[in-house]
Amino acid sequence: MGKKVAMEEDLPTTKCPDNSAFKQQRIPAGKLVLTADFVLSCFFIIGVFCLAVGISWIIATTNVTEIRTNYSDYCSQCTKLRENSSNSEKPCSCIVTFTVKKDIQGDVFMYYGLSNFFQNSRRYVISRYYAQLLGRNVTNTESVRTSSYCAPFTTYSNGTPMAPCGAIANSMFNDTIMLFYQPDASSSIPVPLLRTGNTWWSDKNMKFRNPEPTGNLVQAFAGSARPPYWQKPVYELDPLEPSNNGYLNDDLINWMRVAALPNFRKLYRRLSRVQQFSDGLPAGNYSYIIDYNFPVSKFGGKKHVILTTLSWCGGSNMFLGIAYTVTGAAIILTAFVMLAVFLKKRKPKRKSFSGR
């Protein structure tokens, strides 16, 4: 027993913390005291901030002009034609007319919208080949085939690789929408729309590249073929803008940025503010001429075209403005309730009496 006690006394004590203020937690420390004045002040400040943001958001959103047209209903004959995939090569166009009641001042943006189209499916989201979209391995059949993400839209039965491969690219929105202005019953003026500059800078400059030689896309994509649902190859997506072809096509880049919700819109064109459209869209009669190619009836979807202006908070969406306003009002109401409880429950100060 004596030996055991002696051995315990001989144990080293090097594992013990040093006897310093930091390691022994004796340094000065501050502690936040939640007084009534501090808590109530925070509640009122946060509430006023949320109210200010919410009201500003609602005011800015109410100043946004938006004209939304469901053209899948107007183009019912084309919708029925596209129900059968064997009719995919047959052209079908329709005209949709509408009226702008007052001038739309400033920049005007054209979006196309889809409903009930689920781009957020996991298998759909990963169905792309990043190396190919960066201009590498475009015609390398083995490389495209071994990229399991693109399956089954990788190669044709004869071994020709698809460019671009994958389900996202294969299902690209391919309706053509043109806008015309009718200042009177006998004339129709095409509204100038910008086809480029409609993508995120990071997408255009970092995620997509055309293969070499960039000056001759026909040669660069030789040995590859368009996806099965496309009507023309990737190097002929925009015959009017030579620089807007291949993997740097704005419509392709916007489509490849998948949407999180089944009802979404994507930027299609911007108004070119020239000639009589320098201030925006004048009031009057307008019409869309639409080459109807994208089928939606099989999944119960709808197609829209949206003309809209934007504010500092984006488009016409009241949700965040209402959410901020309701949150701010609830916080301020809570602060008043807390203030009333505090004034009612606080202890009165004791009076001091001087002795005789």
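**Exercise 1. Find how the side chains of Lys207 and Asp203 meet in this predicted model, and explain how far apart the two residues are along their helix.**

Solution. Begin with the contact itself: in this predicted model, Lys207 and Asp203 are joined through their side chains by a salt bridge, with 3.5 Å from N to O. Next, place the two residues in the chain: both belong to helix H9, and because they are four residues apart there, about one helical turn separates them. Then compare their surroundings, using the rule that a residue under 20% relative accessible area is buried: Asp203, at 3%, is buried, whereas Lys207, at 45%, is partly exposed.

**Exercise 2. Determine which residue forms a salt bridge with Asp250, and state where the two partners lie.**

Solution. The partner is Lys204, and the closest N and O atoms of this salt bridge are 2.5 Å apart. The pair links distant parts of the chain, since Asp250 sits in helix H11 and Lys204 in helix H9, 46 residues apart. Asp250 has a relative accessible area of 0% and is buried, while Lys204, with 21%, is partly exposed. A further step concerns shared partners: Asp203, Lys207 and Arg257 are joined into one network by salt bridges that have partners in common.

**Exercise 3. Locate the two ends of the salt bridge between Arg195 and Asp238, and decide whether each residue is buried or partly exposed.**

Solution. The closest N and O atoms of Arg195 and Asp238 are 3.0 Å apart. This pair, too, connects distant parts of the chain: Arg195 is in the loop between strand S7 and helix H9, and Asp238 is in the loop between helix H10 and helix H11, 43 residues apart. Arg195, at 22% relative accessibility, counts as partly exposed, but Asp238, at 2%, is buried. In the whole structure, a search finds 10 salt bridges.

**Exercise 4. Describe the two faces of strand S2, and name the strand with which S2 pairs.**

Solution. In a regular strand the side chains alternate between the two faces of the sheet. Applied to residues 93-100, this gives one face with Cys94, Val96, Phe98 and Val100, which are buried, and another with Ser93, Ile95, Thr97 and Thr99, which are not. The pairing partner is strand S10, which runs antiparallel to S2 over eight bridges, and within this pairing Phe98 stands opposite Tyr286.

**Exercise 5. List the disulfides of the structure, and work out the pairing of the bonded cysteines in sequence order.**

Solution. A search of the whole structure finds three disulfides.

- Cys75 is joined to Cys94, with 1.7 Å from S to S; an angle of 65° about the S-S bond makes this link right-handed.
- Cys78 is joined to Cys92, with 1.9 Å from S to S; here the angle is -85° and the link is left-handed. Cys78 lies in helix H4 and Cys92 in the loop between H4 and S2, so the disulfide ties together parts that are 14 residues apart in sequence.
- Cys150 is joined to Cys165, with 2.1 Å from S to S; the angle is 50° and the link is right-handed.

When the bonded cysteines are numbered in sequence order, the pairing reads 1-4, 2-3, 5-6.

Notes:
Residues numbered from 1 in each chain as written. Predicted model: local features only at pLDDT ≥ 70, side-chain atom pairs only at ≥ 80, totals over all residues. Heavy atoms only, no water. Salt bridge = Lys/Arg side-chain N within 4 Å of Asp/Glu carboxyl O. Buried < 20%, exposed > 50% of the residue type's maximum accessible area, 1.4 Å probe, protein only. Pairing = 2+ DSSP bridges. Disulfide = S-S within 2.5 Å.
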